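Please open the model in your viewer and keep the sequence panel beside it. The stops below each give a selection to make and then say what is found there.

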Amino acid sequence: MYHDLLRRRELFERLLGIDSLIAAGVQAEGCRCGGRLDRASYPRKPRGLPKGLDREYARRESFCCCEEGCRRRATPVSVRFLGRRVYVGVAVVVAAAEEMGVSQGRVRLLADLMEWPVDRRTVQRWVSWWREALPRTRWWQGIRGRLRAPVDPRGMPLSILQAFEGKSPEEAVVGLLGLLTPISIGHAG
Ligand SMILES: [Zn+2]
């Protein structure tokens with residue numbers, strides 16, 4: 001089941017590795033002015049992590065051009081953070097990945113699984129974001145044609161996870177977080 005992933009340390013470490021690779025690529029490319037990009041990470045205090053990963057997740061990679069007069073900031077996309085949300089992307093996907101309404105029992109289950117319990121209103125807000133806000137974005141218009149199977153936005157995020165046919169829940173979640181990277185910078189809606 002998807003919610004088991006909330007405790008799967010290996011998944012969170014894997015996402016950390018993916019973000020490091022993305023960040024290394026951005027830094028290697030340098031600024032568009034030709035300047036070198038120096039590390040200028042943002043501190044983060046994300047919720048929804050398994051125990052013992054706070055330090056590794058306390059930083060959102062970002063860079064700043066070293067050239068006087070440019071100083072352009074370059075923030076790589078991320079599979080860990082979904083915009084400015086406090087909860088990590090995995091939590092926003094997994095907690096909302098159910099077909100029926102957000103029941104009290106399910107929220108209790110999620111609260112047990114997460115080190116930082118999430119409340120029902122938060123999960124409800126995530127479900128609304130998936131089903132109402134996200135389908136209205138340009139991101140969704142671009143992504144829907146690339147999916148292998150048609151996805152009903154009213155059943156998201158479960159319906160989009162199921163479009164990763166033949167993949168394990170973990171692979172589907174990693175795949176979805178990969179698709180979401182364009183909206184991982186700034187506002188996530
Ligand atoms: Zn520059």
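## The zinc site

Along the chain, the donors of the zinc ion are spaced as C-x1-C-x31-C-x4-C. Bear in mind from the outset that this is a predicted model. Select the zinc ion together with C31, C33, C65 and C70, whose SG atoms coordinate the metal at 2.2 to 2.3 Å. The angles among the 4 donor atoms run from 103 to 113 degrees, and the site is tetrahedral. With the cysteines still selected, trace the chain away from C31, which lies in the loop between helix 1 (9-29) and strand 1 (37-39), and from C70, which lies in the loop between strand 4 (63-65) and strand 5; the two are 39 residues apart, and the pair links distant parts of the chain.

If you colour by accessibility, how do C31 and C70 compare with the cut-offs for buried and partly exposed? C31 has a relative accessible area of 6%, so it counts as buried, whereas C70, at 29%, counts as partly exposed.

## A step along the loop to R71

Next select R71, which is placed in the loop between strand 4 and strand 5. R71 is partly exposed, with a relative accessible area of 41%. Display its backbone torsions: phi is positive, about 55 degrees, although R71 is not a glycine. For context, most residues other than glycine have a negative phi.

## Aromatic pairs

Now show the side chains of the aromatic residues, among which there are 5 aromatic pairs. Begin with Y57 and F81: their ring centres are 6.3 Å apart and their planes stand at 70 degrees, and since planes over 60 degrees apart count as edge-to-face, so does this pair. Y57 belongs to the loop between strand 2 (42-43) and strand 3 (59-60), while F81 belongs to the loop between strand 5 (73-74) and helix 2 (89-94), so that the pair, 24 residues apart, links distant parts of the chain. Y57 is buried, with a relative accessible area of 1%, and F81 is buried as well, with a value of 0%.

Turn next to Y87 and W126, an edge-to-face pair with 5.1 Å from centre to centre and 75 degrees between the planes. Here too distant parts of the chain are linked, for Y87 is in the loop between strand 5 and helix 2 and W126 is in helix 4 (residues 120-133), 39 residues apart. Both Y87 and W126 are buried.

Before leaving the rings, add F12 to the selection of Y57 and F81, since ring pairs link F12, Y57 and F81 into a cluster.

## Arginines over rings

Keep Y57 on display and add R80, whose charged end sits over the ring of Y57, 5.0 Å from its centre. For another arginine over a ring, select R85 and W129: R85 lies over the face of W129, at 4.5 Å from the ring centre.

## Helix 7 and what covers it

Select helix 7 (residues 169-179) and show its buried residues, which are E170, A172, V173, V174, L176, L177 and L179. Which elements cover these buried residues of helix 7? The cover includes helix 1, helix 2, helix 4, helix 5 (138-144) and helix 6 (158-162).

From V173, measure across to L158, a residue of helix 6. The two C-alpha atoms of L158 and V173 are 9.9 Å apart in space, and the residues are 15 apart in sequence. L158 counts as buried, at 10% relative accessibility.

## The cis bond at P157

Move to P157, in the loop between helix 5 and helix 6. The peptide bond that joins M156 and P157 is cis, with omega at about 5 degrees. By way of contrast, most peptide bonds are trans.

## Zooming out

Finally, return to a cartoon of the protein chain, which has 7 helices and 5 strands. Followed along the sequence, these elements give the pattern α-β-β-β-β-β-α-α-α-α-α-α. The radius of gyration is 17 Å, close to the 16 Å that the globule rule gives for 189 residues, so the chain is as compact as a globular protein of that length. Along the principal axes, its C-alpha trace spans about 55 × 40 × 30 Å. Of the 189 residues, 49% count as buried. Among contacts with a separation of 6 or more, 64% are between residues 24 or more positions apart.

Methods
Residues are numbered from 1 along each chain as its sequence is written. This is a predicted model: local features need pLDDT of at least 70, side-chain atom pairs count only at pLDDT 80 or more; totals for chains, interfaces and linings use all residues. Side-chain values use heavy atoms; hydrogens and water are left out. Rings of Phe, Tyr and Trp (its six-membered ring) pair if their centres lie within 6.5 Å; planes under 30 degrees apart count as stacked, over 60 as edge-to-face and the rest as tilted. Helices (H or I, at least four residues) and strands (E, at least two) are DSSP runs, numbered from the N terminus. Buried means under 20% relative accessible area, exposed over 50%, partly exposed in between (1.4 Å probe, protein chains only). A charge sits over a ring if NZ of Lys or CZ of Arg is within 6 Å of the ring centre and within 35 degrees of the ring normal. Donors are N, O and S atoms within 2.8 Å of the metal (3.2 Å for Na, K and Ca); water is not among the atoms, so sites may look incomplete. Four donors count as tetrahedral if all angles lie between 85 and 135 degrees; four count as square planar and six as octahedral if opposite donors are over 155 degrees apart and all others between 65 and 115; anything else is irregular. The radius of gyration is taken over C-alpha atoms; the globule rule is 2.2 Å times the number of residues to the power 0.38. Contact means heavy atoms within 4.5 Å.
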